[in-house]
Amino acid sequence: MNKSLRLATVTPEQFLAPVSGNATTASNVPYVQDAFERWVLLLDTLRERADNMIAHERQGMPPLLDFDYELLLDARTFERSANYALLRITRVGDDCWDDCVDEAKPPVIVIDPRAGHGPGIGGFKRDSEVGMAMHEGHPVYFVIFYPEPMPGQTLSDVHYALRDFVSEVARRHPDTAPVLYGNCQAGWAATLLAADCDGLTGPIVLNGSPLSYWSGEAASSPMRMMGALSGGAWAAHMISDLGDGRFDGAWLAQNFETLQPEKAIWDKYANLFAHADTERERFLEFERWWNGYYTLSREEILGITQNLFIGNRLEQGEMQLDAHCTVDLKRISNPLIIFASDGDNITPPEQAMGWIGKLYPDTDALKAAGQRIVYMTHPRVGHLGIFVSGSVARLQHRAILESLDDVEALSPGLYEMVIDNPSGDPDCETGDFEVRFEPREVDDLGIASDDAALKQVAQISRINEAAYSTFVSPWLRAATSAASAEALRTLHPMRWTRTMFSERVNPWMALVKSTAETIRETRDPLPEDHPAIVTERALSARTGEVLGAWRKGRDAWITHVFGAIFGPLPGIPSPAQADHPDAASHKE
């Protein structure tokens, strides 16, 4: 048994009695009182989260950036309007633009993902992509979007707004091409800019960005199989119809939480309860961003699901941008830097890099196209950690920015970016890190892909979507009003499970607030090595393990059902193999 999970033998008297003198720090409270106090502090933190969420919505949900900025362009005023805007970062802490920006360095444009949440993941704290770029002296621009799409807004409208933003930054810095940072779903938006009929120059950094939705083993990305078993794009169409033409981003956030319920519904809150005295601010900081749900237009979500998630048309060169241009990834001549993580179950490395082998059958073909692709993988950080982990920002993103000239100087080919940091210190205060670019072969990626099963999914999705659009959608649109859409929005589980703790909704939370204020004045927490605390931590960890085991069983069941209906994907074991310990994926 794992020693960290071994239950201590604790008598009832130890739960009720003060800690003995053997503990690290003396305390005069019994465990029951300590647990009650932490429970009240937990509830009070949830109250503040709910109040923050409601206040943020009433303010119009502005971008959650930890930097001062000025608005340069608002695409809502463009001829082809879109709910996007271009900001210039003007201040980082006490340093303003004139203090820390070297105009000779290439400007960095950070594009945040529009995947359910609001903008800010690339810059909602100091140690972030924005912070590192400013620290390295780059002029920084940030692309935001507003909570509501423009009426009838399409992916093409967004695309041309982004192109105008890049042109404006290029006009302001004529001597050097901009560097585009595409986070998650914004990665394919940045890729479209380089792969459309006009193209652009300058390096593109793709962080956790999916471009190959049909690549990789089944266990690395269960989300695509869930979408297949639900019948495809018609479900997103129905949600948009019920939303009066708008797709509520809370549904996407719920999908992310469903991927690992042990973290979303247990570990996050168990950790807050266990460390109620120290985790409050960190918890609230992240939740301010996580609980801000933005919307997409019906046209956008259908374009995304049909062209990308299910249709996979971007990788295949079949994505029609408009009547005059089809996107072709082979047009890209910009240096590409791909940052992915083996611990990412939303955009695993296979989906971030699988397109390379599809476009270029071997390394000679890649070199003949004049393309330079650099990739870097992290062994364990999760999807959001690619953007918000302070250590990742201070090491990997810093290394990317400092290596831009070296990347552009590389001869055509595929390279792995390797960071040598013997000290292990992300700030490299005890020694500078070194970056190497190791030549790799396309075959070295070893990304499996079998399109047959997912082509069946795409065909079934088209049939279901056609049937829904013809026979159901007109009736739902006629029956939906702005009031009914707002009611469904308010009653979404991702909202009411948060707002139920607000004083504005639940009068009892006023008592929790006053009690928590009193507790903080007199709080005398038990030490970490108290036997009851050790037992509590072990029970909590085991509960998380049980939920994790349930999730793995659920994913295995979905995998086998998918295989029975559509045929196996790479990495789907047979029923006999499923019982073998080596059949399980090591990715978490």
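Contact here means that heavy atoms lie within 4.5 Å of one another. In this predicted model, that criterion is what links Trp188 to Leu155, Pro210, Leu211, Tyr213, Ile304, Leu308 and Leu314, once residues up to four places away in sequence are set aside. The briefing begins with the nonpolar cores, moves to strand 6 and its partners, and ends with individual buried residues.

**Nonpolar cores**

- The largest nonpolar core has 76 residues, and those touching the most other members are Tyr84, Leu180, Trp188, Leu314, Ile338, Trp355 and Ile356.
- Helix 6 gives the most to this core, contributing eight residues, and the helix itself spans residues 185-195.
- A second core, separate from the largest one, comprises 55 residues, among them Val101, Val179, Leu259 and Phe387.

**Strand 6 and its neighbours**

- Strand 6, which covers residues 179-183, is mostly covered, with five of its five residues buried.
- In a regular strand, side chains alternate between the two faces of the sheet.
- Within strand 6, Val179, Tyr181 and Asn183 point one way while Leu180 and Gly182 point the other way, and all of these residues are buried.
- Two of these strand residues also appear in the cores, since Leu180 is listed for the largest core, whereas Val179 is included in the second, separate core.
- Strand 4 (residues 108-111) runs parallel to strand 6 and is joined to it by four bridges, and in this pairing Val110 stands opposite Tyr181 of strand 6.
- Strand 7 (residues 204-207) likewise runs parallel to strand 6 and is joined to it by four bridges, with Asn183 standing opposite Asn207 of strand 7.
- Strand 6, helix 6 and strand 7 together make a β-α-β unit that is right-handed.

**Ser297 in strand 9**

- Ser297 is found in strand 9, which spans residues 295-297, and Ser297 counts as buried because its relative accessibility is 2%, under the 20% limit.
- The side chain of Ser297 reaches the backbone oxygen of Gln153 at a distance of 2.6 Å.
- When residues up to four places away in sequence are not counted, Ser297 touches Arg114, Pro149, Gln153 and Gly245, so that Gln153 appears both among these contacts and as the residue whose backbone oxygen is reached by the Ser297 side chain.

**Leu302 in helix 12**

- Leu302 has its place in helix 12, which runs over residues 298-309, and at 13% relative accessibility Leu302 counts as buried.
- Leu302 touches Ala233, His237, Asn307 and Glu465, leaving aside residues up to four places away in sequence.
- For one of these partners, Glu465, the C-alpha atom is separated from that of Leu302 by 9.8 Å, although the two residues are 163 residues apart along the chain.

**Positive phi at two loop residues**

- Met61, which is not a glycine, nevertheless has a positive phi of about 50 degrees.
- The place of Met61 is in the loop between helix 2 (31-58) and strand 1 (68-74), and with a relative accessible area of 6% Met61 is buried.
- Asn312, a residue other than glycine, also has a positive phi, with a value near 55 degrees.
- Asn312 lies in the loop between helix 12 and helix 13 (313-316), and at 1% relative accessibility Asn312 counts as buried.

Note on methods
Residues are numbered from 1 along each chain as its sequence is written. This is a predicted model: local features need pLDDT of at least 70, side-chain atom pairs count only at pLDDT 80 or more; totals for chains, interfaces and linings use all residues. Side-chain values use heavy atoms; hydrogens and water are left out. Buried means under 20% relative accessible area, exposed over 50%, partly exposed in between (1.4 Å probe, protein chains only). Two strands pair if DSSP finds at least two bridges between them. A crossover is right-handed if, with the strands pointing away from the viewer, the path from the first strand over the helix to the second runs clockwise. A polar contact is a pair of N or O atoms within 3.5 Å; within protein, one must be able to donate a hydrogen and the other to accept it, and residues adjacent in sequence count only if both atoms are side-chain atoms. A nonpolar core is a set of buried Ala, Val, Leu, Ile, Met, Phe, Trp, Tyr and Cys residues joined through side-chain atoms within 4.5 Å.
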